[in-house]
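Student: Could you take me through one part of this structure closely, and then show me what surrounds it? I would like a connected account rather than a list.

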Amino acid sequence: MARPGSGLLLPGNGLGYPPQNLARVVVWEWLNEHGRWRPYSAAVCHHIENVLKGDARGTVVLGQVDAQLSSYIIDLQSMHQFRQDTGTMRPVQRNFYEPSSAPGKGVVWEWENDNGSWTPYDMEICVTIQNAYEKQHPWLDLTSLGFCYLIDFNSMCQTNRQSQRKRRLRRRMDLAYPLIMGSIPKSQSWPVGASSGQPCSCQQCILVNSTRAASNAILASQRRKLYAGTAGNPGATGTLAVVRQSNTFAGTSLWSPTSASSGPNNINMSMGGGQAKAEQVPLPLSSANFPCSPMMPSLSSAHGHHALTINGQNNLNRPGTQRISMGTSRGAIPPGVPALPVKNLTGSGPVHPALAGMTGILMCAAGLPVCLTRAPKPILHPPPINKSDMKPVQGINGMRRKTKKKHLRRGKNPEDVVRRYTEKIKVVPDEDCTICMERLVMSSGYEGILQHKGIKPELVGKLGKCGHMYHLLCLVAMYNNGNKDGSLQCPTCKTIYGEKTGTQPPGKMEYHVIPHCLPGYPDSKTVRIVYDIPAGIQTNEHPNPGKKFSARGFPRHCYLPDNEKGRKVLKLLITAWDRRLIFTIGTSSTTGESDTVVWNEIHHKTEFGSNLTGHGYPDPNYLDNVLTELSAQGVGEDNLKD
């Protein structure tokens, strides 16, 4: 059934919040590797709140309520999630929403991922989608939130506006998130300071104490200018900056939806002279707004209400959701006043978010325009390229490789492989076998466990190239526990005997030259490598035979300079691909997902025009480093063919 009404384009202003004396819905969230705050389920949030009531500095064991989170705990003191099996730590936060919003009603919006399972949207996106759904809008554009997606409620699908790819979405009912009454407690977005009533020694309190006198002087001076300007002209409008910061930064709601009435005694806020209709807040900037400091300068007036709205670190940390209440015309900024940017509010740079937020407040009070910006985004891909502009790589035949079937065959006799690369030792030294940790003069530790004709437990062999010695039965056991591809690798020095192959799933590798330069290589074009591996079923050589494996982020684009050394690396990468050494199936070190395709210790450059993640250019040592990594996999320059 078609939904009436027009579609919804999201406005640029932030979401409003109720006054402090109303109920609020609590949603706990964790920060993923892409800088997005991901919500925990309602059941987990109820569990965290119950623990929080008993001990605000305690530890929450998430596995007690969700078996899939058995390896995770939350430390309420430091506000971090800790994964016990990998040691990965991620920040968490406690966010608040209206009871009438999606989390208050138990509504969850989800999209279908490549694996066929359902992934919930970020809570802020979920709230926005639910609002549009309840208003019976036929569609919703998420562009203003930083996503190039169009939500169609009639077909219940999400469309990527760039690739035109469609995914199904669904709305389901779940447990409502926990509800709290009264004022929002102090923020726990960072470690809690001392509760003795004195300022603690955290960065925020040090900053507050060191700038209190300056801020008082600036605010007093600003008020005098405003009153002087409005005394002669009661209808004049003063200009003060409005910076939206977050409720998680302040720990309490700093505004009311009730707007001050228009009149000669009211001062409307604007940035750079442009009018901005922000929420009018007759609230002082007091110690309640900051979790650690008991004292802060207040902003009050006997002549009217000053609107200082703060809503932000949370929004500033989220891509596409920065909010600055300012006029659209920056040309109205008085000449001679510098626009001073405050950057890196995501915490990735040298400026701490608390320092940046305080700087923004003081600059606004001084009447200076503030430019709050996110950290620069990595340039992952080159400009669009026509297919006719993609050229073959000099000295390399073809532009595509597929996994060769000969490398999928196994079944070499273990005894024959061991004998091929070792020679028997008549005089055995009195030292340890580093495989079984028994003395070489004694029998192998695998005696009674493995039995092979012609290989006795006391026989010792020396590897031909490196000369390291082991029990022959131990080498057989090591071979049986490996890939069984006819190669051996010395466990002591990692020297490879034979041709080592991996367990990379079937896929294809493409490579061609594109007419663009990499940073650091202005005189060379670029070799682009495209890997594509589909999801599938694990085989006997993989960790969980018969179980599905996922393949995230494919096709993956990688880049090399089109020069002599870059082409040498490409040739060796092709050899490594043929030997199935580029990828393997395991656990992702970034997402923690198991049974997925991951890189296999041969680093690639996936960032085309920047090096913000460490996976891009310029990197003068990369080509030498990757040659070393390839050599460690048995793919050296002796494998190059003229």
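Tutor: Happy to: what follows starts with one strand and its partners, and then moves outward to the cores, a small sheet and some local backbone details. Please keep in mind that this is a predicted model.

Let's begin with strand 2, residues 24-31, which is mostly covered, as 7 of its 8 residues are buried. Strand 2 has antiparallel bridges to strand 7 (residues 89-97), 6 of them, and one of the pairs sets Val27 against Asn95. With strand 14 (residues 179-180), strand 2 shares 2 bridges, again antiparallel; here Val25 stands opposite Leu179. Strand 3 (residues 37-39) is joined to strand 2 by 3 bridges, also in the antiparallel sense, and Trp30 has Arg38 as its bridge partner there. Strands 2 and 3 make a hairpin with 5 residues between them, and in its turn Gly35 has a positive phi of about 80°. As general background, strands of a sheet pair through backbone hydrogen bonds, either parallel or antiparallel.

Now for the wider setting. The chain has 11 helices and 31 strands, and 46% of its 642 residues count as buried. Among contacts with a separation of 6 or more, 67% are between residues 24 or more positions apart. The accessible surface comes to about 31400 Å², with carbon and sulfur atoms holding 53% of that area.

Next, the nonpolar interior. The largest nonpolar core has 40 residues, and the members that touch the most others are Met509, Ile529, Tyr531, Leu560, Leu570 and Leu573. At least two residues each come from strand 25 (508-514), strand 26 (526-532), strand 29, helix 10 (564-578), strand 30 (583-586) and helix 11. Helix 10 gives the most to this core, namely 7 residues. Leu570 is a good residue to click on: beyond its neighbours within four places in sequence, Leu570 is in contact with Val393, Ile396, Met509, Tyr511, Val527, Ile529 and Leu560. A second, separate core holds 38 residues, including Cys45, Phe96, Cys126 and Ile180. Of these, Cys45 counts as buried because its relative accessibility is 0%, under the 20% limit.

While we are on cysteines, the disulfide count for the model is 0. Cys466 is worth a look here: the nearest cysteine sulfur, that of Cys493, is 3.7 Å away, and Cys466 is in no disulfide. The cut-off for a disulfide is a pair of cysteine sulfur atoms within 2.5 Å, so this pair does not qualify. Cys466 is partly exposed, with a relative accessible area of 24%.

There is also a small sheet to inspect. In this open sheet, 3 strands follow the order 20-21-22 with antiparallel pairing. Strand 20 (422-424) and strand 22 (469-471) are at the edges with a single partner strand each, so one side of each has no neighbour in the sheet. From one strand to the next the twist averages 40°. Strand 20 meets strand 21 (residues 460-463) over 3 bridges, in the antiparallel sense, and Glu423 has Lys462 as its bridge partner in strand 21. Two helices pack on this sheet. Helix 8 (residues 414-421) touches strand 20 and strand 21, and its direction makes about 80° with that of strand 20. Helix 9 (residues 472-480) touches strand 20, strand 21 and strand 22, and its direction makes about 85° with that of strand 22.

Finally, a few backbone details you may want to check in your viewer. The peptide bond from Phe554 to Pro555 is cis, with omega near 0°, and Pro555 sits in the loop between strand 28 (548-549) and strand 29 (556-561). A cis bond also links Tyr617 to Pro618, with omega near 5°; Pro618 lies in the loop between strand 31 (596-599) and helix 11 (622-632). Turning to phi, Met79 is not a glycine, yet its phi is positive at about 55°. Met79 belongs to the loop between strand 5 (72-75) and strand 6 (80-83), and at 1% relative accessibility Met79 counts as buried. Gln164, likewise not a glycine, has a positive phi of about 65°. The loop holding Gln164 runs between strand 12 (157-160) and strand 13 (166-173), and Gln164 counts as exposed, at 52% relative accessibility.

Methods:
Residues are numbered from 1 along each chain as its sequence is written. This is a predicted model: local features need pLDDT of at least 70, side-chain atom pairs count only at pLDDT 80 or more; totals for chains, interfaces and linings use all residues. Side-chain values use heavy atoms; hydrogens and water are left out. Two strands pair if DSSP finds at least two bridges between them. Helices (H or I, at least four residues) and strands (E, at least two) are DSSP runs, numbered from the N terminus. Axes are lines fitted to C-alpha atoms, for helices over the stretch in contact, and angles run from 0 to 180 degrees between N-to-C directions. Contact means heavy atoms within 4.5 Å. Buried means under 20% relative accessible area, exposed over 50%, partly exposed in between (1.4 Å probe, protein chains only). Accessible areas come from the Shrake-Rupley method with a 1.4 Å probe; for residues, only the protein chains shown count as cover. A nonpolar core is a set of buried Ala, Val, Leu, Ile, Met, Phe, Trp, Tyr and Cys residues joined through side-chain atoms within 4.5 Å.
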